[in-house]
Amino acid sequence: MIRQAKDNVFVRTKEEVPKGHIAVYVGERYYKKHRKFVVPISYLEHPLFQELLRKAEDEYGFDHPMGGLTIPCTETTFLSITSHLNLITRCQ
């Protein structure tokens with residue numbers, strides 16, 4: 001299930017951010033390497049994703065080190081959450 005989520009949200013190049021989506025960087029603060037993912041804008045309204053946004057605000061405020069929205073969690077956690085959101089979206 002996580003592999004499928006990764007296939008759905010991982011972006012390989014800067015040009016691959018389709019309309020209706022947003023790019024985010026995922027990684028814990030003490031790691032230098034962050035990975036870029038793309039998620040549908042609709043995820044921003046979901047309470048699970050909003051909790052990630054609150055964590056980002058607590059961790060970085062409005063100064064994101066990558067120049068874009070950075071989510072301070074592991075890739076595994078992020079993929080688990082986006083996989084869950086993907087299932088919810090499909091069931092609606």
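The following conversation asks how the terms used for this predicted model are justified.

User: Before we start, what kind of model is this, and how are residues numbered?

Analyst: This is a predicted model, where local features need pLDDT of at least 70, side-chain atom pairs count only at pLDDT 80 or more, and totals for chains, interfaces and linings use all residues. Residues are numbered from 1 along each chain as its sequence is written, and side-chain values use heavy atoms, with hydrogens and water left out.

User: Thanks! Which elements does the protein have, and what makes a stretch a helix or a strand?

Analyst: Happy to help. Helices (H or I, at least four residues) and strands (E, at least two) are DSSP runs, numbered from the N terminus. The protein has three helices and three strands, in the order α-β-β-α-β-α from the N terminus on.

User: How do you know which strands pair in the sheet?

Analyst: Two strands pair if DSSP finds at least two bridges between them. Strand 1 and strand 2 run antiparallel and are joined by six bridges, so they meet that requirement. Strand 1 and strand 3 pair in the parallel sense over two bridges, so this pair qualifies as well. The result is an open sheet of three strands in the order 2-1-3, with mixed pairing. Strand 2 and strand 3 (70-71) are the edge strands, as each pairs on one side only.

User: Which residues are the bridge partners of Val26?

Analyst: In strand 2 the partner of Val26 is Arg35, and in strand 3 it is Ile71. As general background, strands of a sheet pair through backbone hydrogen bonds, either parallel or antiparallel.

User: Why is Cys73 called buried?

Analyst: Buried means under 20% relative accessible area, exposed over 50%, and partly exposed in between (1.4 Å probe, protein chains only). Cys73 has 5% relative accessibility, so Cys73 counts as buried.

User: And why is Cys91 called exposed?

Analyst: The relative accessible area of Cys91 is 70%, so Cys91 falls in the exposed class.

User: How many disulfides are there, and what would make a cysteine pair one?

Analyst: A disulfide is a pair of cysteine sulfur atoms within 2.5 Å. The structure holds zero disulfides.

User: Why is His21 called partly exposed, and what does His21 contact?

Analyst: His21, in strand 1, has 31% relative accessibility, so His21 counts as partly exposed. Contact means heavy atoms within 4.5 Å. Leaving aside neighbours within four places in sequence, His21 contacts Val38, Val39, Pro40 and Ile41. His21 and Ile41 are 20 residues apart in sequence, with 4.9 Å between their C-alpha atoms.

User: What makes Ala23 partly exposed, and which residues does Ala23 touch?

Analyst: Ala23 also belongs to strand 1, and its relative accessibility is 23%, so Ala23 is classed as partly exposed. Not counting residues up to four places away in sequence, Ala23 touches Val17, Lys36, Phe37 and Val38. The C-alpha atoms of Ala23 and Val39, 16 residues apart along the chain, are separated by 6.5 Å.

User: Where is Leu69, and why is Leu69 called partly exposed?

Analyst: Leu69 lies in the loop between helix 2 and strand 3. At 22% relative accessibility, Leu69 therefore counts as partly exposed.

User: What makes a set of residues a nonpolar core, and which residues have the most contacts inside the largest core?

Analyst: A nonpolar core is a set of buried Ala, Val, Leu, Ile, Met, Phe, Trp, Tyr and Cys residues joined through side-chain atoms within 4.5 Å. The largest has 13 residues, and Val26, Phe49, Leu52 and Phe78 have the most contacts inside it. Strand 1 (21-26), strand 2 (35-40), helix 2 (47-60) and helix 3 (75-91) each give two or more residues to this core. Helix 3 gives the most, with four residues.

User: How much of the protein counts as buried?

Analyst: Of its 92 residues, 30% count as buried.
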